[in-house]
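Dear colleague,

Please find below the structure that I am handing over to you. My findings follow directly after it, and I would be grateful if you read them with the structure open.

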Amino acid sequence: MNILSAEDISKSYSEKILFNNISLGISDGDKIGLIGINGTGKSTLLKVLAGLENTDTGRIIKGNSVRIGYLEQSPSFEPGTTVLEQVFAGPTPIMQLLREYQLVLRKSEQNPEDSNLQKQLLGLMNKMDSLNAWSIESEAKTILTKLGIDDFNADVATLSGGQRKRIAMAGALINPTELLILDEPTNHIDNDSVDWLEKYLNTRKGALLMVTHDRYFLERVANRIIELDHGKLYSYQANYSKFLEMKAEREELMQASERKRQNLLRNELEWIRRGAQARSTKQKARIERFEKLQEIESPIQDDNVEIQVGASRLGRKIIEIENIQKAYGENRVINDFSYILLRDDRIGIIGKNGIGKSTLLGIITGQIKPDKGKVEVGDTVKIGFFTQENVDMDQNLRVIDYIKQVAENIETKNGSISASQMLERFLFPPNVQWTPISKLSGGEKRRLYLLKILMGAPNILLLDEPTNDLDIQTLTILESYLDEFSGAVIAVSHDRYFLDRIATKIFSFEGDGNIKKYSGNYSDYREYVMNQVQSEEIPKKTADVKQDSNSQNKVDRHGQKERPLKFTFKEQKEFEEIDSIIANQESQLKKIQEEIDKASSDFEKLQELLAKQQQLEEQLEYSMERWTYLYELADKIEKSKIGKNKGE
């Protein structure tokens, strides 16, 4: 079912065309990832589809009953409201009721003897019962907890930007909508929260449209990718990895078509230059064909961000961290941590938000003093520190002047280039270079800030959440640059793909100031942790089974015998049918595989079959788990009967 349609919509800012006569249909069940380089208009397109901005041309069509939820990239909040009041900020009657209830509850807790407030509270509780609002309140608290927000009554004005983003996300998730639009949902949330959000969105009903740079997130959640490229929109019925294949094929076809057109143009031009008599109908038609070929626009080739900046020489002594400790009041964030940084280190730092990751980088750079211990930095060390906030960015400066603060010319492997040329390589064309920084998008500002850091020719890079607000193309080039970078890199990041791509060591903040070191990238770390958890659970499960076995049919503390072990009616029916269910699912999977083999050249059909295959595999996995449980239970029931007969 089609939820929303955009027909021939266009949008421009001044002379910059963001999108031009594009059309888009969103259906129920679509989980769409919108991608494109920073500044192409992704966030603007989301706002247009959400009804928050108007188009220059075209129209948006949606049903009267279609509700749209929207999470903006930088949410705004009303000062003086609590976390829960802000979460319940929606316009629906149930959200208004929840907001009012939270407000009156807060007032009644402050004035417990006010009878009018108590009466109001009782009336609101009755309304909550009638609208079944308690379940929404409970869900809101669960989501907030999963996103790392525990103080539901905190004033939002006292919270960080990252915490506010997570509160806004909770508000977007609990509002029932047919279309949920999310702008960079994975920014400012830790790895565990991203894992949870993936699972939540995969099971959520309704359509989803999101802008995100998280490639694993796109791979696991999206079933459709749309790309905004030079004002045009391209749609792919695919997840991220399949999109890359399909895009490469599309660009290859476009280039082949353009080569053919250029060959035709050359042939026709040669014919015209020979001074052909252009009087006959046939010759006139040939000239008209030539003119039409000239009018066809050539496909615009994607520019690539190029990072070709030098690095300063690095001596023998780099950075030595010795027994450092740091606490904020009673909150201990770093406890007796030591490490000697190696020249070729690639370290990824992970942990929950607010646990102390950025504090460690601040101590290394000398911006934060440790309570105990010391950090020694070698004489030749030149640190480039890419922080979460663009702290030194004067919004009134023009782009070119901001970069010239570092240098007028930059030495690269291939010689010297000007600041203006470097900006062009970083996708800032000449007309943009004279633009005030305030006019850039959030992602463009991050890209500009990154360029300034790298132009300083550092030999040690500290990156604090470098993937926030950077587009995928820039991230890919940054990763390639880090491959060639001759110094050490320490990166705080929640982006699992980025950590898998660049890290060879993981420092994990485990709480109470403890930092554990692991070899390998993020996936290696996760595998190690999962194996540890499983090895700890096996003895516990064995002990639980023994305890259950010993307690069977014993007299309890009330002097009554425990209920005999047996199947419920539902379990008995499932036990009788489970073998045939599994056989049927295996047969369906076999047929699907045969269809997949036949449809290898039909991308859309292939995607549909792969989705069915995944669904069937999940169903079969669940059935196999139930089979194991039911047969183990049947075995226990049989043994308990034998034991009972012997006892008699």
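Ser 5 stands opposite Gly 25 in strand S2. This register belongs to the pairing of strand S1 (residues 2–13) with strand S2 (residues 16–27), which is antiparallel and extends over 8 bridges. The hairpin formed by S1 and S2 has 2 residues between its strands, and Ser 14 there takes a positive phi near 60°. Please bear in mind throughout that this is a predicted model.

A further antiparallel arrangement involves S10, S11 and S13. These 3 strands form an open sheet in the order S11-S10-S13. Its edges are strand S11 (331–340) and strand S13 (372–377), each of which pairs on one side only. From one strand to the next, the twist averages 20°. Strand S10 (residues 319–328) is joined to S11 by 6 bridges in the antiparallel sense, and Tyr 328 stands opposite Asn 331 in S11. Helix H11 (residues 357–365) lies across S10, S11 and S13, and runs at about 130° to S10.

Turning to the interior, the largest nonpolar core comprises 57 residues, of which Val 87, Phe 88, Leu 144, Ile 167, Leu 173 and Leu 201 touch the most other members. Helix H6 (residues 161–174) gives the most to this core, contributing 7 residues. At least three residues of the core come from each of domain 1 (1–66 + 178–237) and domain 2 (79–159). Ile 167 illustrates the packing: with its neighbours within four places in sequence left aside, Ile 167 is in contact with Phe 77, Val 83, Gln 86, Val 87, Leu 144, Ile 149, Val 156 and Leu 159. There is also a second, separate core of 35 residues, which includes Leu 423, Leu 450, Leu 470 and Tyr 481.

One loop residue also deserves a mention. Where does Thr 467 lie? Thr 467 is found in the loop between strand S17 (460–464) and helix H16 (472–484). Is Thr 467 buried or exposed? Thr 467 counts as buried because its relative accessibility is 0%, and the threshold for that term is under 20%. Not counting residues up to four places away in sequence, Thr 467 touches His 213, Leu 475, Ser 493, His 494, Asp 495 and Phe 498.

With kind regards

Definitions and conventions
Residues are numbered from 1 along each chain as its sequence is written. This is a predicted model: local features need pLDDT of at least 70, side-chain atom pairs count only at pLDDT 80 or more; totals for chains, interfaces and linings use all residues. Side-chain values use heavy atoms; hydrogens and water are left out. A nonpolar core is a set of buried Ala, Val, Leu, Ile, Met, Phe, Trp, Tyr and Cys residues joined through side-chain atoms within 4.5 Å. Buried means under 20% relative accessible area, exposed over 50%, partly exposed in between (1.4 Å probe, protein chains only). Helices (H or I, at least four residues) and strands (E, at least two) are DSSP runs, numbered from the N terminus. Domain bounds come from an automatic or database domain assignment. Contact means heavy atoms within 4.5 Å. Two strands pair if DSSP finds at least two bridges between them. Axes are lines fitted to C-alpha atoms, for helices over the stretch in contact, and angles run from 0 to 180 degrees between N-to-C directions.
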